[in-house]
Amino acid sequence: MPRPHFSPGLRDAAPRLRGVALAAAGLLLLSSIAVVSGPAAAASPTLAVDRPVDDTACAANVDGMAAFTPVLSIDLPTRATWLNQTPPYTFDRTDAVAAGFDRVGYCLELDGVTGPQWVWTAMEPFTADAHRLGLPTRTGEITRQRVNDLDVASNVPGVTTGTGQAGYLEMWPNTYSTGSSRQISGASSTNYDADDTVNASGGYGSFQVHQVGASRPSPDAPRTVLAVNTFTSTGAALSLGIGSAPTGHPDWTFAGNAGTFTQRRLTVYARSSVLTLDQHPQDRQLYPRDAANGATVPVSGAVTDPRVKAVQLTVTSGEDEWTYTAPVTDRRDFSFRPRIDATLRDYRFALRALGAQVTRRVAVWEGILAGDVYVIQGQSNAVAATYKGSSAGEESPFIRSYGSPTADPVLSAADRRWNYAGSEVTNQPGSIGQWGIRMARRIVDTYQVPVAILNGAHGGQPISFFQRNDADPDDIRTNYGRLRQRLVGAGVLGDVRGLLWYQGESDNDQAAVHVTGFTALLDDWRAELGADIAEGTRYFVYQVRTSPCSNSTTGALREAQRQMGDTLGVTLLSTNGLSGHDGCHYAWEQGYREMGDHTFAVVARDLYHGPGEGVAPPNPSTAAFSNPERTEITIQLRSDDPLTVEPGAAADFRVNGTAVTVTDVEYVAGGQLRLTLSAPADGATGVSYLSHLRAGPWIVNATGSGLLTFHNLPIT
């Protein structure tokens with residue numbers, strides 16, 4: 001396997017080097033530094049702080065907690081109505097770690113009919129704000145994400161203890177439902193467990209830590225570590241538990257059992273950081289690949305603890321490992337700029353602080369990739385929800401997304417994480433739709449390049465819904481602003497390879513309105529994402545099947561979309577030729593699956609030097625009578641790709657300005673369609689092809705892409 005590349009002065013001598021590599025510019029090896037190549041060594045106490053007395057069962061039974069400071073503690077009541085209120089903590093010392101922390105922990109203690117129970121869990125931080133470490137009671141305090149390096153210790157039978165596990169957090173003041181985002185293998189869509197769906201409204205509350213499989217897919221089913229629920233409800237008893245509930249919902253939702261415990265204490269801990277970070281990857285992040293078929297992944301910051309004498313970065317991928325160390329100088333800053341390859345392998349980054357009195361792993365980032373970024377935008381056929389048939393087999397760990405396409409501003413703002421891309425659910429983290437997942441999978445399999453897709457589509461909306469607020473392009477109340485914020489958060493705003501647009505049904509055949517709105521939108525995209533040039537962003541536009549839905553007799557808007565290829569310079573895609581059509585949406589087979597294939601073929605031609613023959617949807621250039629009697633019309637196409645004309649396709653043609661019908665269609669070599677008419681077409685003003693609803697017959701090219709609809713094409 002190819003190894004990642006590093007900037008000069010930071011390159012290892014060999015892929016399996018286990019020692020310390022130093023920058024070449026006169027840096028000397030610090031022989032007193034203990035190099036950690038396995039799990040992080042036990043940390044020495046951090047700089048002294050005024051610590052409250054820690055009398056928890058966790059402190060009495062768990063080794064290695066000396067480095068943690070208890071920052072919040074609360075004796076939970078049997079009922080609580082803390083929505084948009086601060087819970088009555090017995091102490092609040094979050095200011096003691098406000099300067100930074102690199103690890104957080106929770107101790108839940110319960111005492112009931114089975115005797116005292118306790119659980120300890122520690123993990124990488126999910127927030128940089130110390131005030132967000134406690135119970136989430138205020139609007140927008142929503143955490144729904146994986147965490148790395150989860151430690152669990154407990155005296156409760158059945159709880160899986162250990163270190164270095166994968167975790168998942170569900171922390172919010174909101175109500176929630178059983179629907180799953182499918183980010184977590186084995187999570188239920190009918191029971192409350194890990195990976196529930198947070199709703200827009202507040203009024204119940206979830207504070208849950210789960211153990212999950214380290215990857216997706218995974219054979220490991222999720223298990224609850226601890227749960228504190230119902231703390232923003234009105235009147236309902238709190239629902240508490242350690243481990244998975246033996247009956248009812250595994251995460252203790254609706255348990256209402258707080259009154260069965262005589263002790264209910266939650267203590268929050270944080271480990272003060274010894275360095276700050278200003279650049280680093282995020283778990284599962286995809287970096288846009290550059291011309292050298294890779295990406296630079298910067299990791300930089302400054303050391304804040306004088307005991308730290310060096311900072312070490314270890315990058316691993318499969319069996320390969322590269323270790324780099326920078327000594328601490330008077331400036332106390334450090335910087336690494338490793339490069340990773342854009343191929344089907346992901347990378348793990350681990351950062352350690354080294355010193356005689358403090359040696360610890362301060363951060364780990366999993367699943368880093370380099371690859372290509374795409375955007376899907378439009379209405380419901382861009383959402384491409386599951387209507388009939390499953391696309392789950394197309395999902396891949398090398399297809400990613402960022403954030404969620406939800407239209408709720410609060411939920412959208414709360415989701416700023418990289419996710420695995422999924423196609424079976426909508427408005428969830430990672431949702432990209434069925435034809436989007438098919439296109440991405442074809443790119444991954446054919447060109448061995450990871451792909452990220454951000455889908456910002458919203459069903460049933462006219463062109464006006466998608467416009468930019470020019471006074472505030474990031475306005476999260478707008479569809480444009482929500483998508484733009486996701487692109488900025490993902491770090492890909494200027495690195496989108498292609499934008500794919502499917503919209504127009506809700507414009508109800510108002511061609512002028514649609515063209516005006518799309519022209520303004522395209523101008524904004526080109527200004528922010530990049531111009532449509534050889535090495536820039538490409539814009540692909542689907543000609544919709546109907547406008548409005550279930551009406552194939554109108555043609556003005558579809559004709560306007562066809563002309564956009566000439567007037568606006570976009571690349572056209574066809575929806576004709578897809579028989580899995582219900583009048584508005586598409587089934588998986590003969591629908592979104594084939595749509596993804598057609599899209600892949602055009603994208604591959606334009607962006608990956610793929611084959612061009614039989615790829616472009618058939619598109620007419622001119623029409624003319626081809627005999628003196630005017631009983632035959634020849635349509636010249638823009639390509640001479642051979643076409644298949646299925647029996648019965650003549651019924652979709654109209655000769656405008658006359659009652660004459662088309663009785664037969666045949667393909668003629670050289671890129672022509674010859675139409676035979678029922679009678680001389682005197683007075684004809686043009687010819688149209690309107691397609692039809694649902695299944696065939698079709699006129700298609702070698703990839704199965706159908707003849708574009710055209711309306712009143714002049715007959716010369």
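This section describes the surroundings of two residues, Ser 547 and Thr 127, in a predicted model.

Ser 547 sits in a loop. That loop runs between strand β25 (538-542) and helix α7 (556-567). The relative accessibility of Ser 547 is 1%. Ser 547 is therefore classed as buried, the cut-off being under 20%. Two backbone atoms lie within polar-contact range of the Ser 547 side chain. One is the backbone oxygen of Gly 504, 2.9 Å from a polar atom of that side chain. The other is the backbone nitrogen of Asp 509, at 2.8 Å from a polar side-chain atom of Ser 547. Gly 504 and Asp 509 also appear among the contacts of Ser 547 beyond four places in sequence. The remaining members of that set are Glu 505, Asp 507, Asn 508, Thr 554 and Leu 557. Of these, Leu 557 falls in the range of α7 (556-567).

Thr 127 is also a loop residue. Its loop links β4 (115-123) to β5 (143-154). Relative accessibility here is 17%. Thr 127 thus counts as buried, because the limit is under 20%. The side chain of Thr 127 makes a polar contact with the backbone nitrogen of Asp 129, at 3.1 Å. Farther along the chain, beyond four places in sequence, Thr 127 is in contact with Phe 101, Arg 132 and Leu 133. A separation was also computed between Thr 127 and Asp 102. These two residues are 25 positions apart in sequence. Their C-alpha atoms are 9.9 Å apart in space.

Terms used. Residues are numbered from 1 along each chain as its sequence is written. This is a predicted model: local features need pLDDT of at least 70, side-chain atom pairs count only at pLDDT 80 or more; totals for chains, interfaces and linings use all residues. Side-chain values use heavy atoms; hydrogens and water are left out. Helices (H or I, at least four residues) and strands (E, at least two) are DSSP runs, numbered from the N terminus. Buried means under 20% relative accessible area, exposed over 50%, partly exposed in between (1.4 Å probe, protein chains only). A polar contact is a pair of N or O atoms within 3.5 Å; within protein, one must be able to donate a hydrogen and the other to accept it, and residues adjacent in sequence count only if both atoms are side-chain atoms. Contact means heavy atoms within 4.5 Å.
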